[in-house]
Every structure is written in structure tokens, then in C-alpha cells.
Amino acid sequence: MSDETKKKKRGGLIARGWRSVREAGTLQLISTCLFLCLALFLARFSWVLPGGEEPTPLTNAAERALYDTRAYLSADLVEQDDRIVLVVYDDQALINLEQRSPLPRDALAEALGNLDQMGAKAIGIDILFDQPQADDGLLIDTLRNMQTPTAVGYANVATNASDIVFEQQVFLEEFMAELEGSNSRPASIRLDNSFGATRIWPSIEPDLPPLLGRAMLEDAGGPAAAFADYEGAIEYRRALRAGFDEEVEEGVEADPNGQAEVEEPLFQSLSIELFTNLDPVVAEFVAQEIEGKYVLIGGDIVDYDRVETSFTSWTGFEPAGLSVHGEIIAQMLDGKVLPTVPSWALWVMAILVVASAALTALLEWPASKLAPLLVVLFVLFVGVPFALHFQDIDTYGLPAVGWLVAWIVAFTAVTAAARSAGAAQRSFAQGALGKYIPRDIAQQIIEDPDLLSLGGEKREIYVLFSDLEGFTKMSHAIEPEMVAKLLNRYLEMLSEVVLEHGGVIDKFVGDAVVAFWGAPIARADDAERAANAGYAMWKAGEDFRKEVAAMDDSLPKIGKTRVGLHYGEAVIGNFGGETRIQYTALGDSMNTAARLEAANKPLDSNVSASREFIERSSPDWWVPMGRIVLRGRAQPVDIYQPMPDFPEEHRAKLIEAAQLSESKHDVAVQLIDEVAAMHPDDLALRNYSSRIRNLNEGGAYVLG
């Protein structure tokens, strides 16, 4: 091949390489732009889409919860509203009238006739007359003769499909036609229950009469004109605390002296029975309560026609729909036309949110500098909606949570794009480190390489040492290829256990695995992780035995996996030179863990842990198994073994035996014998029963 041909070939390879880079960069740019568009969409429409639908249930639910919090905390505290009176029929009234539901027409007609004489400004009836009753004629005559402006509840199938069917609407239309030319006219009782609660006024529909409250104020000459096109938020109010009750009712918060604060109802509520069979004395009293007020008539029945509001998530209370109509009337009387945030302002805020996230990502600040900025942004994103709400601005549909989510999406997208050049290297490094240490620790090391600088430091660590019984002998009896296959599979299974439990693999010594917890980064639950890993490693060894047995009957039988666990001081760090280093732990704690593993064989056990280890982990499923002197050691070690399914009463006896071993040795022996007798197949307990009878002067059993 000529030099010219070689040059052309190299040029082609370089061109293809650059083309691949450009293509990868183009894909990265496109994906980043798509994520930024998604972030912009969330920042603008995380709650309500232009058509009124919810974009995603996740952000929608969070937005509703935050809105309800704003509404509750910013609500005006008011005394009982004396402009509105509720005339209700409750469960007791229906019982007295010998009727469950609906309210008897003759009783309603009598009540309306009496109310008409009491000087109310307007009367609103939150009842649908959509089914015939015997006294319909009497009620129609009463309504036609009303001198007080009266709004009669109306609904249709198109807007209240869950409350009325076509046949009922036909009857209701005929009923309303009988009222034409009188002071009684239809009024919509429809409420907006979008997203599970009544937070806003119902939309104005061309085929519906005015809303109940609007009709009442129009007929009474009240300030309804300003609300002719209003479809914003309902300005719910909270009642002032009126006093204290001696008995604390369920669900009512008590003060430090044991008394419950009583909340006065926002509206005076009178039973409809007061207006039937009217006694002259009672008539004079109720007339004073009715004169010059707006009267709403409807049900207040348990578990029927109840409405969730912006306050329900805070108070747990669902008022009757009649009360919501009362709040709407009060809002009109107060002139609370809540201004909304303009659409252009929401777009500007959405753009600022996404832009701030992109700029922050490009700065590539460390976490120490980034954290204060995140706190400021969080306070800003959440605080602005609260500030607006407290200024009586309608924040329904304001994407407060969307700003937070959009910022995170945009920041993540730009950060990924900015660091894409080194993504492959980081991925390789993390993958390589992840074979020895947990991925979260590997990532921290990649971000802060000084964690693995040459040198060492003393650390308290949890050490695990495991070994496979008889593997060396077995390796001489089978082909080297099979030895390598089995050993790799075994070490893979045990390594997965260590990494899944957040440990660091120190080294493999043949078939032995050495691991530790507490370095290079210590975590609060390292003790529990190590304890669980020790037991899980033994179970993984048992699974390996079954796997090999099922693989080939001709293979020698695999021995048990034994595990030793200890907690102590070690020197942790990188040892070696600039060309080759090893991150490892050195110290007596490593030797102790290895000797505890080896002690399992004469103890007829599988997993043994020292008292130092157990004291720092959760000991509920570990039982004491006596005190031993390990080979080559002078100081005795109290050992524990895992028994997750061991009866609690048997565990208690072993704990008592360990406590009495020195002071009342005979009693301790008896307790251990009792437990061993109840578990005849447990070789470790039988061994313990034998060892307890052969202790040295220090109260320990000497191995070997």
C-alpha cells in the first residue's frame, strides 16, 4: 500500500470520527432543547392546560395541595356573617317529618309562605324539583304568590350529569314553566368540582340561568354586576375562635389547659321546622333573624351533598353545598373580585425559571456554593405565590410546583449537556470502581479524587471475612477451566451481596472475600448494612452450592460458606507507589474477622460476629453463643450468630445464660441445654452446650 493510499485512509478515518462526534453533539443538542421545551411547558402549564385539563396527575396534585395551603393560611378571619341565613333540613328534621329525602313539598310550601312574611331580601332554594310529589300544586301556588324574590334551584343533564337524568330534567323544565311571570325564577345550583374540590366559581354556560347567588343579588338589587363574568377563585373565609368548650370533642385541637377551642359557624343555621306549624312567639323571634337578610334553603344531611373545599385538606371538614353558595353570596357582597395573574406574566416567569436553571448549570458551581442558591430559588418559587395570595390575587392555576420541577428538569438537561464531553470517561471510571465499591461512593470519589490519594488514616470500620470450605482441595480434582468458571461465579455472587449492601470489596484471597464498611465514606447505617450482608453472604453461598449441584452431578460437593464479622480500628488508604496502588485496610481488626471466620468450623456454625460488631448493629435477630479465645489470640471474644427465625423466648434464655455464665454457671448450663434440646438439629447449639462445660479460668472456651 502506497504512502498516498495510507494518507487517504487515515483521512477517511479521521473524517468519520469527526462526523461521529458532530452527530453525537447534534443529538445531545436536540435532546437538550427538547428537555428545555418540556421544562418551559411545566413552568407554564404544570397545573391547568389552556382547555382546563390537568397535564400530569403528579404535578397537578402537588399544585392543588400548595394552593389549598395558601388559601387556608391567607383566609380572612371573620365573625359570623349576619347578612346570610341558612334554613336547613337535616337528618333530625326529616325524621320528625317522617320523610327521608327529599323534603316534603307541603312542609316546604308552608315554610316558604311564612318566610315570605318576614322581610328577607331574597330567598334561594338549593333543591331540585325534578320528581313529582303529591303536593306539587301547593308548592307551585306558593312560589307563584311569593312577594320576596325567590331563586329556585335548576340543573340540566349537560352540566350536572351526575345529579340529574333526562327524564328528571323534563319534569324540572315543566315545573319551572309554571313559575313564569312570578317573583320566583330558576337559578343554577351548579358548583365546579374540578380536581376533586370546589375552589372556583362555576363557568358561565349559555344554556343555564344565573348562578343561585347571582340571581338572588340581582333580584334584591345587590352588587352582582361586578361579578357578571367572574369565574375566578372562591374567597373562602375562616371563622374567628369564639370561646372554649369544657368538653374536648374528637378532632378538635385542645389548648394546654385541656379545653377545646370552638369555632363559630360562618352562617347562622335555622332548622326548617321553625317555619312550619309556626307558633306566634317563635314567629316573632325568627322574623328578627330573617328580616333584611339573604336566605338560603337546602339540605344539611350527613354524607349527602357534601362538598370538598380548599380547606378540606387542612380541616378534614366537608360542608354542605348550601354553605358554598353562602360563601359566593358573601364574596359578592364584599366586592372581592380577585384579579388574576396575566398570561404574559406567567410566560415571563416560566422563561425566567428555565433561564435561571440553564445559567446555574453552566456555572458548574460546587455543592457548597450551589446549596444557598437553591434555597433562595426555592423560597422565591414558593414564596411568590404565597405573597400574591396574601395580597388577594387569584393564584388558582399559578404553576408554583411547576416552577420547581421545571427548574430541576432544565438544570439537569443543561448540566448533562455541559458535561457530555467527559461522560464516557466518567462512566468507565464509575463502572470500574463500581466493581469494588458501591456506585454512590464511586461517584463521590470521581467528583473528589483526593478521597483516594496516597497515604492512610485510622478509621473505625466493620470488617467481613468469608471463605468457602474445601474449595482448594476440590480445585485439584477438576479441570482448571471448570475451577475458573466456578470461582468466578462464586465471587460474582458474593461481590453482588457486598455491593448491594453498600460495602467496599477489599480483596479476593483465592475463594475468600474481604470487605468493609465505614470507609472511604462512613454512613449512619453501616452497621446494619454489614450485619445484613454477613447473613446474606452465607445464603448466597448456599445458593451457589445448589446451583453447582444442579449444573453437573459429577462435580465434587461444594462446601459451606463461612463468614466472620468484627468492628475495630484499621488503617485505611492507598498503599503502593505512583505506578500501582491498592486501596485496602490494614490492622488487627482484619485479623480478628479472619479468625472469627475460621472459628466457625470448630463451632459448627456458619456466621460469627464479635460483641464489638453486634453492639453497633441491630441485635434483635442475633443470639449470644458464648465466649471463646481465638487461635493465636490472648483476649477472649464474645461471639454472636444470626438466627432471624429463632423464637424470642429461646433467644431470651441464651441472653440470660450469657449474663449468668460467670456468676451462676450451673444455671447458665441448664438454660443452654434447654434451648439446645428444643432445637436438636442445630449443631451450633449442641456445640455451645458442650463448650459451656469446658471453660478456662477466665470463663472462655479456648479453640484448638
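These are my notebook entries on a helix, a strand, a surface patch and some salt bridges in this predicted model.

**Entry 1: helix H10**

I began with H10, which covers residues 321-334. From first C-alpha to last, I get 20 Å for its 14 residues, close to the 20 Å expected at 1.5 Å a residue. Next I asked myself how many of the 14 residues of H10 are buried. The count is eleven, so I noted H10 as mostly covered, taking buried as under 20% relative accessible area. Among the buried ones are Gly321, Leu322, His325, Glu327 and Met332.

What covers them? My list for the buried residues of H10 includes strands S2 (81-89), S5 (184-188), S9 (267-271) and S10 (294-299), along with helix H7 (212-220). Just after H10 I found glycine 335, with a positive phi near 70°.

**Entry 2: strand S10**

S10 had turned up as cover for H10, and I followed it up. Six of its six residues are buried. I then looked for its pairing partners. S2 runs parallel to S10, and six bridges join them; leucine 86 has leucine 296 in S10 as its bridge partner. Strand S3 (residues 122-125) also pairs with S10 in the parallel sense, over four bridges. There, alanine 122 is matched with tyrosine 294 of S10.

**Entry 3: lysine 336**

My search of the whole structure gave 30 salt bridges. I picked out lysine 336, which forms one with aspartate 76, the closest N and O atoms being 3.0 Å apart. Lysine 336 sits in the loop between H10 and helix H11 (343-363), and aspartate 76 in the loop between helix H2 (57-74) and strand S1 (77-78), so this pair ties together parts 260 residues apart in sequence. Aspartate 76 is partly exposed, at 29% relative accessibility.

Glutamate 235 forms a salt bridge with lysine 336 too, with closest N and O atoms 3.6 Å apart. Glutamate 235 lies in the loop between H7 and strand S6 (238-239), 101 residues from lysine 336. Is glutamate 235 buried or exposed? It is buried, at 11% relative accessible area.

**Entry 4: a salt-bridge network**

Further along, aspartate 638 forms a salt bridge with arginine 627, with closest N and O atoms 2.8 Å apart. Aspartate 638 is in strand S18 (residues 637-642) and arginine 627 in strand S17 (residues 622-629), eleven residues apart. Arginine 627 is partly exposed, at 27%. Both belong to a network of salt bridges with Arg611, Glu612, Glu615 and Glu662.

**Entry 5: a nonpolar patch**

Last, I looked at the surface. Leu27, Ile30 and Leu34 make a nonpolar patch of about 320 Å². Leucine 27 lies in helix H1 (residues 3-45) and is exposed, with a relative accessible area of 59%.

Key: Residues are numbered from 1 along each chain as its sequence is written. This is a predicted model: local features need pLDDT of at least 70, side-chain atom pairs count only at pLDDT 80 or more; totals for chains, interfaces and linings use all residues. Side-chain values use heavy atoms; hydrogens and water are left out. Helices (H or I, at least four residues) and strands (E, at least two) are DSSP runs, numbered from the N terminus. The expected span of a helix is 1.5 Å times one less than its number of residues. Buried means under 20% relative accessible area, exposed over 50%, partly exposed in between (1.4 Å probe, protein chains only). Contact means heavy atoms within 4.5 Å. Two strands pair if DSSP finds at least two bridges between them. Patches are made of residues with over 30% relative accessible area and no salt bridge: like charges are joined within 9 Å, nonpolar side chains (Val, Leu, Ile, Met, Phe, Trp, Tyr) within 5 Å. Accessible areas come from the Shrake-Rupley method with a 1.4 Å probe; for residues, only the protein chains shown count as cover. A salt bridge is a side-chain nitrogen of Lys or Arg within 4 Å of a carboxyl oxygen of Asp or Glu.
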